[in-house]
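Here's a casual walk through a protein model, written for someone who spends their days at the bench. Have a look at the sequence and the fold before reading on.

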Amino acid sequence: MSATLRISVCRHGAPGPSPVVVAANHASHLDTPLILQALPGGPRRTAVGAAADYFYASRLRSAGVRLLFNTFPVRRPARPTGPRAAHGGRADADRLLTAGWNLLLFPEGTRSRDGVLGDFRRGAAALCLRHGVPCLPVGVTGTHHAMPRGRRWPRPGRPPVVVHLGAPLTPAPAEDAQAFTGRVAAAVRALIACPLGEQP
């Protein structure tokens, strides 16, 4: 990807224990491969939650994303799921975390149309609470400009993109999913606003 993008990775904290739930903003199809390569240890033993109604709508597409990114289906509210996602979702996420896999999730549930961070759903936080694992907030900038919705290839000129890896967050003893979601969203928002090399 370095042939088409100027990629920078900024780490804002020491890596925590595994497994973790990685929660990131989502503005482009570039986000997934960039984050996977930026994670400590790379993409090894990290599974990616992919929209069941989009990526699992056909046998060919679901096979492709499973092969490339080790995905599992995530159902989005009020959207029909594809035939390859009849089983899975939460059960897949629980099984993977129990087996020691990291999960990469996009709590907004879809790519931003304008690059602005949307509301976070509570699924990632609920997984952290249920399994007693930390959440790694990640903020990605530049990908919406580089390859927004509707583009199949990055813009010419090697546009700059930055992956900000935050410090792991652990749910407090009395914290519920809604409160933890708010804390994770605030961390991602701070990372997105952070200039390269500075701490949020």
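What follows is a tour of strands, helices, cavities, backbone oddities and charged pairs.

## Ground rules

This is a predicted model, so keep in mind that local features need pLDDT of at least 70 and side-chain atom pairs count only at pLDDT 80 or more, while totals for chains, interfaces and linings use all residues. Residues are numbered from 1 along each chain as its sequence is written, and side-chain values use heavy atoms, with hydrogens and water left out.

Helices (H or I, at least four residues) and strands (E, at least two) are DSSP runs, numbered from the N terminus. "Buried" means under 20% relative accessible area, "exposed" means over 50%, and "partly exposed" is in between (1.4 Å probe, protein chains only).

## A covered strand and its partners

Let's begin with strand β3, residues 46-51. Six of its six residues are buried, so the strand is mostly covered. Thr46, Val48 and Ala50 point one way, Ala47, Gly49 and Ala51 point the other way, and all are buried. That fits the general pattern: in a regular strand the side chains alternate between the two faces of the sheet.

Which strands pair with β3 in the parallel sense? Strand β5 (residues 102-105) runs parallel to β3 and is joined to it by three bridges, with Asn102 as the bridge partner of Thr46. Strand β4 (residues 71-74) also pairs with β3 in the parallel sense, over four bridges, and there Phe72 is the bridge partner of Gly49. Pairing here needs at least two DSSP bridges between the strands.

## An enclosed helix and a surface patch

Helix α1 (residues 31-38) is largely enclosed by the rest of the structure, because seven of its eight residues are buried. The buried residues are Asp31, Thr32, Pro33, Leu34, Ile35, Leu36 and Ala38.

Out on the surface, Met1, Ile7 and Val9 form a nonpolar patch with about 230 Å² of accessible area together. Val9 belongs to strand β1 (residues 6-11) and counts as partly exposed because its relative accessibility is 36%. Patches are made of residues with over 30% relative accessible area and no salt bridge, joining like charges within 9 Å and nonpolar side chains (Val, Leu, Ile, Met, Phe, Trp, Tyr) within 5 Å. The areas come from the Shrake-Rupley method with a 1.4 Å probe, and for residues only the protein chains shown count as cover.

## Cavities

How many cavities of 30 Å³ or more does the structure hold? There are two, and the largest has a volume of about 50 Å³. A cavity is a set of points, on a 1 Å grid over the protein atoms alone, where a 1.4 Å probe fits but cannot get out; lining residues have an atom within 4 Å of a point. Grid points are joined across faces, edges and corners, and the volume is the space filled by probe spheres set on the points.

The lining of the largest cavity includes Pro107, Phe120, Cys128, Cys135 and Phe180. The elements that give two or more residues to that lining are α5 (123-131) and α7 (177-192).

## Backbone oddities

Most residues other than glycine have a negative phi, and most peptide bonds are trans. Ser18 and Pro19 are joined by a cis peptide bond, with omega at about 0°, and Pro19 is found in the loop between β1 and β2 (21-24).

Asn70 isn't a glycine, yet has a positive phi of about 55°. You'll find Asn70 in the loop between α3 (59-69) and β4. Arg158, again not a glycine, has a positive phi of about 50° and is found in the loop between α6 (143-146) and β7 (160-165).

## Charged pairs

The structure holds four salt bridges, each a side-chain nitrogen of Lys or Arg within 4 Å of a carboxyl oxygen of Asp or Glu. In one of them, Arg183 and Glu175 meet at 2.7 Å, N to O. Arg90, Asp94 and Arg130 are joined into one network by salt bridges that share partners.

Within that network, the closest N and O atoms of Asp94 and Arg90 are 3.7 Å apart. These two are separated by about one helical turn because they sit four residues apart in helix α4 (residues 90-98). Asp94 is buried at 17% relative accessible area, whereas Arg90 is exposed at 56%. Arg95 and Asp92 form another salt bridge (3.1 Å, N to O), and they're three residues apart in α4.

Technical notes
1 Å grid on protein atoms, 1.4 Å probe; cavity = no way out; pocket = protein on both sides within 12 Å on 5 of 7 lines; lining within 4 Å.
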